[in-house]
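User: I would like a close look at one part of this structure, with its surroundings described as far as they help. Please keep the account plain.

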Amino acid sequence: TEILNAANSLPMLKCIGWDFVISNKGLLVAIEGNHHSDPAVPQGHEPLFSDERIKEFYKFHKII
């Protein structure tokens, strides 16, 4: 919810590439937010564009 609240506070950005860490005290800490994520960065769970909806989102917003 904290990440969604942060994203919703910037409604002018359609896509944000966040870098977050969890502190030693268990707090969520934002390191930075970029105007879009980098689709060239390897994905941890599956290829980013294996979901056609994600690919279309990036195309629609002219990220790719």
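Is Leu-27 buried or exposed? Please start there and then go through the nonpolar surface patch and the rest of the chain.

Analyst: Leu-27 is exposed, because its relative accessible area is 53% and the cut-off for that class is over 50%. The model is a predicted one, and every value given here is computed from it.

Leu-27 sits in the loop between strand E1 (17-22) and E2. Together with Val-21, Val-29 and Ile-31, Leu-27 makes a nonpolar surface patch of about 340 Å².

Val-29, another member of that patch, is placed in strand E2. Its relative accessibility is 35%, so Val-29 counts as partly exposed. When neighbours within four places in sequence are left aside, the residues in contact with Val-29 are Asp-19, Phe-20, Val-21 and Ser-23. Val-21 thus appears both in the contact list of Val-29 and in the patch. Val-29 can also be set against a residue elsewhere in the chain: Ile-3 lies 26 residues away in sequence, and the C-alpha atoms of the two are separated by 9.8 Å.

Phe-20, one of the contacts of Val-29, leads on to the aromatic residues. A search of the whole structure gives three aromatic pairs. One of them joins Trp-18 and Phe-20 in a tilted arrangement, with 5.3 Å from centre to centre and 40° between the planes. Trp-18 counts as partly exposed because its relative accessibility is 26%. Phe-20 also has a relative accessibility of 26% and is therefore partly exposed. Another pair, Phe-57 with Tyr-58, is edge-to-face, with 6.1 Å between the centres and an angle of 75° between the planes. The two residues fall into separate accessibility classes: Phe-57 is partly exposed at a relative accessible area of 32%, while Tyr-58 is buried at 5%. Ring pairs also bring in Phe-49, which forms a cluster with Phe-57 and Tyr-58.

Asp-51 is found in the loop between strand E2 (28-34) and helix H2 (52-60). Its relative accessible area is 19%, so Asp-51 is buried; the limit for that class is under 20%. The side chain of Asp-51 makes a polar contact of 2.7 Å with the side chain of Arg-53.

Past this helix, Lys-62 is found in the segment after H2. The phi angle of Lys-62 is near 60°, a positive value in a residue other than glycine. Lys-62 counts as exposed because its relative accessibility is 71%.

For the chain as a whole, there are two helices and two strands, and from the N terminus on the elements run α-β-β-α. Of its 64 residues, 9% count as buried; Asp-51 and Tyr-58 are among the buried residues. The chain exposes about 5,300 Å², with carbon and sulfur atoms supplying 58% of that area. Of the contacts between residues at least 6 apart in sequence, 19% join residues at least 24 apart.

To return to the starting point, Leu-27 is an exposed residue in the loop between E1 and E2, and it shares a nonpolar surface patch with Val-21, Val-29 and Ile-31.

How values were computed: Residues numbered from 1 in each chain as written. Predicted model: local features only at pLDDT ≥ 70, side-chain atom pairs only at ≥ 80, totals over all residues. Heavy atoms only, no water. Helix = DSSP H or I, 4+ residues; strand = E, 2+ residues; numbered from the N terminus. Buried < 20%, exposed > 50% of the residue type's maximum accessible area, 1.4 Å probe, protein only. Polar contact = N/O pair within 3.5 Å; in protein donor to acceptor, adjacent residues only side chain to side chain. Contact = heavy atoms within 4.5 Å. Phe/Tyr/Trp six-rings, centres within 6.5 Å; stacked < 30°, edge-to-face > 60°. Patch = residues over 30% accessible without salt bridge, like charges linked within 9 Å, V, L, I, M, F, W, Y side chains within 5 Å. Areas by Shrake-Rupley, 256 points an atom, 1.4 Å probe, with all protein chains shown as cover. Salt bridge = Lys/Arg side-chain N within 4 Å of Asp/Glu carboxyl O.
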